[in-house]
Amino acid sequence: MSFFADGPRGRPLFPVPEQELFGYNGRPWVDSPHEYIVPAILPWSMPLGRGERTIVALRGIEVWPEAVSFQLSVYSRDLLLDEPGEGLIDHRRVPDYNALLVGVLFPDGRRASSETISVPSATKPDQPVLRAQGLGGSAFHVDHEIFLWPLPPDGPLEFVVQWLDRDIEETRTSLDGTAIRDAAKEAGEIWPGLPAREAHGLPVRRVGAQAMITPAWPRESQAPPPLPQPKRPPAQVTADQPRRGAPLPTRLPRRAR
């Protein structure tokens, strides 16, 4: 007897355009390759910062072939956010040093933190990349993913947390960078040999959540030609109503008796 007793049921078909996963773009500094790699998991859990009513904790680490993702959670006894999906860590042009800040310090002195704007680059950066993303939660518990590229070198990796609004001073936690590098060897590729995306020499621009492929546009935008105006019938002009463009009367018309 089958565990799932019911057989397959017919489902309505919706006209969805056929889509296919293309090969990995080979830019490990942009984002975690969730669609292409099964990461190695390091089940490390520990507090990274603690206040009287708030705790910032590490719940685990996902290790990719060339990057690492830290699973971070914030727990509080009072309200954290009305919309947990937005997250508590925000990359800003002018950083808020009273808000939750995270950062890493490599053994060789290189560093990265959430106090700067992290913009995906088409070319390989010469400095480490750190990018924070909110993953949801509740009003009293918010999850985050902290993406870090590249893998840390051998030696101690310092993870730094500060949140002055919650009375959490700068707190440094030492993690084993050598163990992280060793775990990267266990990350496995899911779809080897996928075909690469064909660009056809056309630039790609994003409009909202959709990607549109458009021909090369000129450097200076050209104003569209004016639309033809519909012809209107001539207005009926009465004796008491001045024609359009005519001077206004100096005296108001007398009220009819």
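Partly exposed, the label you'll meet most on this tour, means a relative accessible area between the buried limit (under 20%) and the exposed one (over 50%). Keep that in mind as you click around, and remember that you're looking at a predicted model.

**Stop 1: R110 and D108**

Select R110 and show its side chain. Its relative accessible area is 29%, so R110 falls in the partly exposed class. Now add D108, whose side chain forms a salt bridge with that of R110, at 2.9 Å from N to O. D108 is partly exposed too, with a relative accessible area of 46%. As background, side chains of opposite charge can pair when their charged atoms come close.

**Stop 2: D78 and R53**

How many salt bridges does a search of the whole structure find? It turns up 8. For another of them, pick D78 and R53, where the N to O distance is 3.7 Å. D78 sits in the loop between β5 (68-76) and β6 (101-105), while R53 is in the loop between β3 (46-50) and β4 (54-63), so this pair ties together parts that are 25 residues apart in sequence. Colour by accessibility if you like: D78 comes out at 28% relative accessibility, which is partly exposed, and R53 at 37%, also partly exposed.

**Stop 3: K185 and D182**

Is K185 buried or exposed? At 66% relative accessibility, K185 counts as exposed. Its salt-bridge partner is D182, with 3.9 Å between N and O. D182 itself is partly exposed, at a relative accessible area of 40%. Before moving on, add R166 to your selection from the previous stop: R53, D78 and R166 are joined into one network by salt bridges that share partners.

**Stop 4: the sheet**

Switch to cartoon and find the open sheet of 4 strands, ordered β7-β6-β10-β11 with antiparallel pairing. Its edge strands are β7 (111-113) and β11 (168-176), each of which pairs on one side only. Ignoring direction, neighbouring strands here are turned by 15° against each other on average.

Zoom in on the middle of that order. β6 and β10 (residues 156-163) pair in the antiparallel sense over 5 bridges. Which residue of β10 is the bridge partner of V102? Select V161 and you have it.

**Stop 5: the helix on the sheet**

Finish with α1 (residues 177-184). This helix packs on the sheet, touching β10 and β11. Draw axes through α1 and β11 and you should get about 55° between their directions.

Key. Residues numbered from 1 in each chain as written. Predicted model: local features only at pLDDT ≥ 70, side-chain atom pairs only at ≥ 80, totals over all residues. Heavy atoms only, no water. Salt bridge = Lys/Arg side-chain N within 4 Å of Asp/Glu carboxyl O. Helix = DSSP H or I, 4+ residues; strand = E, 2+ residues; numbered from the N terminus. Buried < 20%, exposed > 50% of the residue type's maximum accessible area, 1.4 Å probe, protein only. Pairing = 2+ DSSP bridges. Axes fitted to C-alpha atoms, helices over the stretch in contact; angles between N-to-C directions. Contact = heavy atoms within 4.5 Å.
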